[in-house]
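Here are my notes after going through the model you sent. I've kept them as numbered points so you can pick them off one at a time.

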Amino acid sequence: MVKNRSQYQIQQGISLESALKIEEDFFLSHPVFSRLDPRLLGVRSLVTSLAKLLVTRIQQQLAPMKRQVEMTLSKIRGDIRAISSYGTAASASERQKLLVTLTQEFVRHLNDCVRGEYRDRLIVCNPNLRLYTRALVVFQELQSRVMSTAPHFRSNDFVTNLANQMEALRGRELPGFMSAQSFYMFIQEFIDAWAAPARMAAAQMRALAGEVVQGLFQKVAISYPVLRDSLGAIASSILEESENQALQLLDGLVVREKDPFTINEFLQAHINKLRYDRFEKCIDAAFYGTTAGAGEVASWQATKEHVGASLRSWYQSAHGVSSSANAEDMSAILEAYWTLASKRFIDSACMCVDDRILGTLCAKLQEKCYHFVHDEGKLAAFFTEDATLVARRVHLENSRDRLVAANAAMASIQMTRKVLRGPLSGCFSFNAKLLCSEGESAEILCLLEGTSKGLGLQLADEAGVVRFNANIDASGNTV
């Protein structure tokens, strides 16, 4: 509690020191206030309490403020790195050098993306640039689409339809002999379905490579929009040409697979396995539902007759001279060769797309970029910086410099302070020691001025390099 000067005292010109003495005598002689704690009464007590509160709040808030400044500074530095160039482009020679530098950086990163070597920070921080990882998804989709074209070789409907077609294609072959021409016709029909998935994979790979190239241009040459657009157009042209070459090779793969050939023992082993599986299925069906008790000769004889009849019936239908038997055998051969050829085609198609679209991209782009080294007109247009980006970079650099100065100032402030009782005006002194960069220390005196809204602190040197402002209200909150 304080006692202010009355209007009459102000008009009489009573000094602040006299008013302070009058206030002190008033509280000491008052019958009620004189019983209270003296620290709760008077301007001097108020100034002392607020000074202690201010020092405490500064000690509590300086470390969090410093952490916040450091976090903001780190973010701004990252933003500056993201929009910084690899050099200057003031002269013709500098523009030539900068084009070569940007091209080398771009090709180096693109090579890492194509090979799947993601050690560079740029690729680690941008998952969308991991080209080979995304290319594997395209290859897996190609495999799924090709495998989804597989006919249902083991279904009864397929075998029945196959028998009808084989019967319709029968020529002068003797009974019991299958026509090789029928096999060629059926397998070619199945392999034709692979062309569409392969062409789709080539288109997807071209679009994916174009997206990664554009994203990489955006990161490497962010300051030069004309250069990005020009090189993006060149990359699109290269990818279109590479896609056409890949499509021609894929069509050639389909044509070659339609002419059945293999020296792989997998075909023979798979055919034998399919035949064995069918025989095992027949055995299981023959013994299904049959039981023979111990010593029951009649039941055992009946079981033998039942199994024998089932096996004879199966052998007659599967190996007899009939169209259904030929269809069963043809179905096994078609399934075995389709499995072999599909695996071979998927691997060959993936390698073809990888080699023609991704494998040649870096070298072709580097060659095209180097064509502009001696074209001064193109170089001048390429290295015209985006005005908006330049303004943003200047703003960020100014913010960085201010934060660096603030961080250095807060790091040099020691946390021991001496509070002095000020004059009647409500002001008091605040001592702080600053550690200079050379290792020397310097004492500065801060003036705290009390107002109706609380206390304010301003720390600054005469050159305006270090500034620190803090306002604390009467409740102890930082304003």
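**Notes on the model**

1. Let me start with S331, which sits in helix 13. This is a predicted model, so read every point below with that in mind. Buried or exposed, then, for S331? It counts as buried, because its relative accessibility is 0%, and the cut-off for buried is under 20%. Setting aside neighbours within four places in sequence, S331 is in contact with F153, F158, V159, L162 and R278.

2. R278 turns up again at the largest pocket. Together with L274, W314, A318 and E328, R278 lies nearest the centre of that pocket. The lining comes to 22 residues, and the volume is about 600 Å³.

3. Which helices build the lining of the largest pocket, each with at least two residues? They are helix 7 (156-169), helix 11 (266-287), helix 12 (297-319) and helix 13 (323-358). Helix 11 gives the most, with seven residues. As for chemistry, the lining divides into eight nonpolar, six polar and eight charged residues.

4. Next, helix 6, residues 131-147. I like the length check here: at 1.5 Å a residue its 17 residues should span 24 Å, and the end C-alpha atoms are 25 Å apart, so the two agree. The buried residues of helix 6 are L131, A135, V138, F139, L142 and V146. Seen down the axis, those buried residues fall within an arc of 100 degrees, so they line one face of helix 6.

5. The spacing in that list is worth a second look. An α-helix has 3.6 residues a turn, so residues three or four places apart point the same way. What lies over the buried residues of helix 6? The cover includes helix 4 (92-115), helix 9 (195-220) and helix 13.

6. Helix 8 can be read in a similar fashion. Its 12 residues, 180-191, reach 17 Å from the first C-alpha to the last, close to the 16 Å expected at 1.5 Å a residue. Buried in helix 8 are S182, F183, F186, I187, F190 and I191. Down the axis of helix 8 these fall within an arc of 155 degrees, so here too the buried residues line one face. Their cover includes helix 7, helix 9, helix 10 (225-257) and helix 13.

7. If you're tracing helix 13 by eye, here is where it has come up so far. Helix 13 holds S331, supplies at least two residues of the pocket lining, and is part of what covers the buried residues of helix 6 and of helix 8.

8. Now to the N-terminal end. Q9 belongs to helix 1 (residues 7-12). With a relative accessible area of 15%, Q9 is buried, because buried means under 20%. Beyond its neighbours within four places in sequence, Q9 is in contact with N4, I14 and I22.

9. E24 is in helix 2 (residues 16-29). Its relative accessible area is 42%, so E24 is partly exposed. Its C-alpha is separated by 9.4 Å from that of V2, although the two residues are 22 apart along the chain.

10. H395 makes a longer jump in sequence. This residue is in helix 16 (residues 387-412) and counts as partly exposed, at 49% relative accessibility; the upper limit of that class is 50%. H395 and I80 are 315 residues apart in sequence, yet their C-alpha atoms are 9.8 Å apart in space.

11. Finally, the overall picture. The protein has 16 helices and four strands. Of its 479 residues, 36% count as buried. How much of the contact list, taken at a separation of 6 or more, comes from residues 24 or more positions apart? The share is 67%.

Technical notes: Residues numbered from 1 in each chain as written. Predicted model: local features only at pLDDT ≥ 70, side-chain atom pairs only at ≥ 80, totals over all residues. Heavy atoms only, no water. 1 Å grid on protein atoms, 1.4 Å probe; cavity = no way out; pocket = protein on both sides within 12 Å on 5 of 7 lines; lining within 4 Å. Points joined across faces, edges and corners; volume = space filled by probe spheres on them. Nonpolar A, V, L, I, M, F, W, Y, C, P; charged D, E, K, R; others polar. Expected span 1.5 Å × (residues − 1). Buried < 20%, exposed > 50% of the residue type's maximum accessible area, 1.4 Å probe, protein only. Arc of directions from axis to C-beta. Contact = heavy atoms within 4.5 Å.
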